[in-house]
Amino acid sequence: MVTMAKQEYDVIVIGTGAGGGMAMKTLCEAGLKVCALNAGRKLDPEKDFRNHRMPWDMKYRSFGDPATRSESIGFMDSEYVAGVWDHEIKFTTAPGSKWFFPRCLAVGGKTNFWGRSSARFGDIDFRAASLDGHGVDWPLTYAEIAPYYSRVERMIGVASSVQNRPSNPDGEYLPPFNFRCFDNILAKGAEKVGVPYLHDRIAQLTRDHEGHPACHFCGACTTGCDTGSFFSTHWRFLPKAEATKNLELRTNALAKDILVDENGMAKGVAYIDRGTKQEVEVYGRAVVVAATCVETARIMLNSKSRFWPNGIANSSGQLGRNLCDHLYGESARGYLPQLLGQPSFPDGVGDNTIVWMPRWQNLKNPKEESFVRGYSVYPYGGCSEYPWYAMQAEGFGSSYKREVKRRYPTPVSFSIQAPSLPLDTNFVDIDPEAKDPYGIPLARIHFQWDENVLKMWEHSKKVCADVIRAAGGVYEGSADEPAVPGWSLHDTGTCRMGNDPKKFVTNPFGQTHDVPNLYACDASIFPSPTDKTTTISIMTFTLRGCEHMLEDFRSGKLKRA
Amino acid sequence: MAGQDLQRREILRIMALAAAAAPFPGFSRWSFALGHESRGMEQIRPANYKPQFFSDGEYAVVERLTELIIPTDQTPGAKEAGVAEFIDFMISRDREQQYPFRTGLSWLNAHSERLLGKPFLGLSDKEQISILEPLAYKAKYREGEEDGREFFRRMKEMTIMGFYTTEIGYKELDNPALKFYAESPACPHKDDPEHKHLPPPKW
């Protein structure tokens, strides 16, 4: 049974993460009536985030219930945030493909827990295809997008330093996080090896900003923040959108497909109310889809009509194509003997992700290395909440106990972040058979790492081991394999943007070529990934896209409801 | 405003702690591990914990092993931290580990009988250590003890998990977690970036 909602909105926004959050805030503040659909519930930070509990306050000491371990999706799905990551909505993988796809469907999505790294993309990223011949260039220049980055940085607050690097345009920053002991030691090692070791760009407040208190440096960021001191939709954009009284937020509303009118234009969204299990239709003059690359593709591919037999806005045949991801993995680990037996130090601030080694490869000559483009590395280390190195120390007894204590400040680890290249064989389509519990056909993922990104992985292992040794540390090994694709949660593509409607799903504003009142506002529009994370760029391109949409409302191309 | 927030958080934390402690009747030492500075160490004597998974005999061996792995010396060890209770509780909910733990404990007793003529708990401290060393140190590995090494690895892993997630374990490491700071803590050795001239190790 389909319930008909009588009210019509100006815009329906699917998803409330970085893109959906920015879209609903921007559109509501401009006076439009917005209905935001979110597949999960709204979180209550005091109940849902247990970040200030100690492990002994938790029934299973934060390790989770062993009896339900098989149901855990792993990753951040810990006892600290139990009940927040979704276990119901699945996906499938094609034979031979692996994909890891944890989904936080709560309001704000992954912004509730994200890693907060917030570097700008630059022309070296936008023109990568011209430089090395792979894929396509982005349809805009850095100069065009830079002012939007500045506005987003001012909105959310990003802590970093000016670094003057060709692949990393500097932005408008709050004071950076301070280097810890192991940072200073590793930075010296990196200097000897000739690679950068710098402050990350991190969307976390090192002083009060826009009415939000500065970080209190408790270090438990990836289990949520109870003061809104790092950016999340929940703390920052939702209250602003709600204050306009122009927002209707519908929770547990799982988008099924996009509805079209008699001309094939978007007229609304059909969704499943996960509470009543009924299908509901909601109507708007424009639709923003911001559900993450895979889900955005799933919704659009499932939106079939006589106008769009292969999925809405898919006349190019590119919908679902160009799926890319960041390869993650522990490139090197070891310890710094200089710090053996030294007093403990609060190294875990910002969940330990406060420094980075931004791309240093192929900067002057795009083909200097055995691979094209480049990767970044995030160093971690020092005193962590749990002594994960303790199993590596041999033996037992008092000498063992002392060794664990002596080594507490010393561990270091390096995690690579390397962009895959778009391949014809990496894409999302709809599984012909599998359906979710509500009968919606599931997304099916086809994905393999490409040779280029695997070369970066090998390269990073050598360089990071060199940095540990040059810093006077002891290199203890690297991961045998990189993490499973999908692990980074930094997927891009499926609705790539470009000027030619025959080759691209969206234009440089994220507006679909075929259906001008349908916008994609997530990383699905990115033609290729970079060495940087995606969130701040999702917000930045969304801001620009939504202002483009607002122009259409002002000029009358789009009519208010 | 920030100060009030911290207070509020601390109150919430203590409330959560009380709520979390409540569902564990019988966890005699956990209640200490959960507890507050004011409680003295002398209150930690076991109040007849009734194992949920292990037999009383097995449980005694588990407890002894945790003590050998993380002993009580100048600082409290696995015993004071109630690690054996944690292991029993976790294994009672962990089907994958139940069989390896049970067979591992049998192996340990049979192995002790074979080598020294007594079950593990019948051995002297020195003898117990002599049984465990070949399971724990690569240089001392012996042919045919692979199952024992695997059991010891599991036992050590659970002991670490159970110890370093208690307040005692946090104090052992002087774990700086979840303290609050007005600004991001900075390395105090600005003039010695390579940290070549630090004071001698504290331990």
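User: Which residues of chain A does B:Asp94 touch, leaving aside residues up to four places away in sequence?
Analyst: This is a predicted model, and B:Asp94 sits in the loop between α4 (83-92) and α5 (95-116) of chain B. Leaving out residues up to four places away in sequence, its contacts are A:Pro66 and A:Ala67.

User: Is B:Asp94 buried, partly exposed or exposed?
Analyst: Counting C-beta neighbours inside 10 Å gives B:Asp94 18. Burial needs 20 or more and exposure needs 12 or fewer, so B:Asp94 comes out as partly exposed.

User: How far apart in space are B:Asp94 and B:Lys171, C-alpha to C-alpha?
Analyst: Along the chain, 77 residues separate B:Asp94 and B:Lys171. In space, C-alpha to C-alpha, the distance is 28 Å.

User: How many of the 10 residues of α4(B) are buried?
Analyst: The buried ones include charged residues, B:Glu85 and B:Asp88. Also on the list are B:Val83, B:Ala84, B:Phe86, B:Ile87, B:Phe89, B:Met90 and B:Ile91. The helix is mostly covered, and the buried count is 9.

User: Where in chain B is confidence lowest?
Analyst: Chain B has a mean pLDDT of 82, with 77% of its residues at 70 or more. Its highest value belongs to helix α6 (residues 125-136), at a mean of 98. Over residues 1-45 of chain B, pLDDT stays under 50, though the model has 48 contacts there beyond four places in sequence. Where pLDDT is low, the predicted coordinates shouldn't be read in detail. The lowest mean, 34, is in chain B's helix α2 (residues 30-33).

User: And what ipTM does the predictor give the complex?
Analyst: For the complex, the predictor reports a pTM of 0.91. The ipTM is 0.89.

User: How many residues of chain A are in contact with chain B, and which class supplies 28 of them?
Analyst: On the chain B side, 57 residues take part, and on the chain A side 62. Helices α6 (181-193) and α9 of chain A each put in at least two residues. By class, the chain A side has 17 polar, 17 charged and 28 nonpolar residues. That makes it 62 residues, and the class with 28 is nonpolar.

User: Which element of chain B helps cover the buried residues of α9(A)?
Analyst: In α9 (residues 398-407) of chain A, the buried residues are A:Tyr400, A:Lys401, A:Val404, A:Lys405 and A:Arg407. Chain A's own β9 (326-335) and β12 (411-419) are part of the cover. From chain B, the cover includes α8 (167-173).

User: What radius of gyration does chain A have?
Analyst: Chain A holds 11 helices and 16 strands, and 60% of its 561 residues count as buried. Its C-alpha atoms fill a box of roughly 75 × 55 × 50 Å along the principal axes. For 561 residues, a compact globule would be near 24 Å, and chain A agrees with that at 23 Å.

User: Which strands stand at the edges of the open sheet β3-β14-β13 (chain A)?
Analyst: This sheet has 3 strands and mixed pairing. β3(A) and β14 (residues 441-446) of chain A run parallel, joined by 2 bridges, and A:Thr93 has A:Ile445 as its bridge partner. Each edge strand has a single partner, so one side of it lacks a neighbour in the sheet; these strands are β3 (92-93) and β13 (427-435) of chain A.

User: At what angle to β13(A) does helix α8 of chain A run?
Analyst: Helix α8 (residues 293-301) of chain A lies across β13 and β14 of chain A. Relative to β13(A), the angle is about 65 degrees.

Technical notes. Residues numbered from 1 in each chain as written. Chains lettered and ligands numbered in written order. Predicted model: local features only at pLDDT ≥ 70, side-chain atom pairs only at ≥ 80, totals over all residues. pLDDT = per-residue confidence, 0-100. Helix = DSSP H or I, 4+ residues; strand = E, 2+ residues; numbered from the N terminus. Contact = placed C-beta atoms within 7 Å. Rg over C-alpha atoms; globule rule 2.2 N^0.38 Å. Pairing = 2+ DSSP bridges. Axes fitted to C-alpha atoms, helices over the stretch in contact; angles between N-to-C directions.
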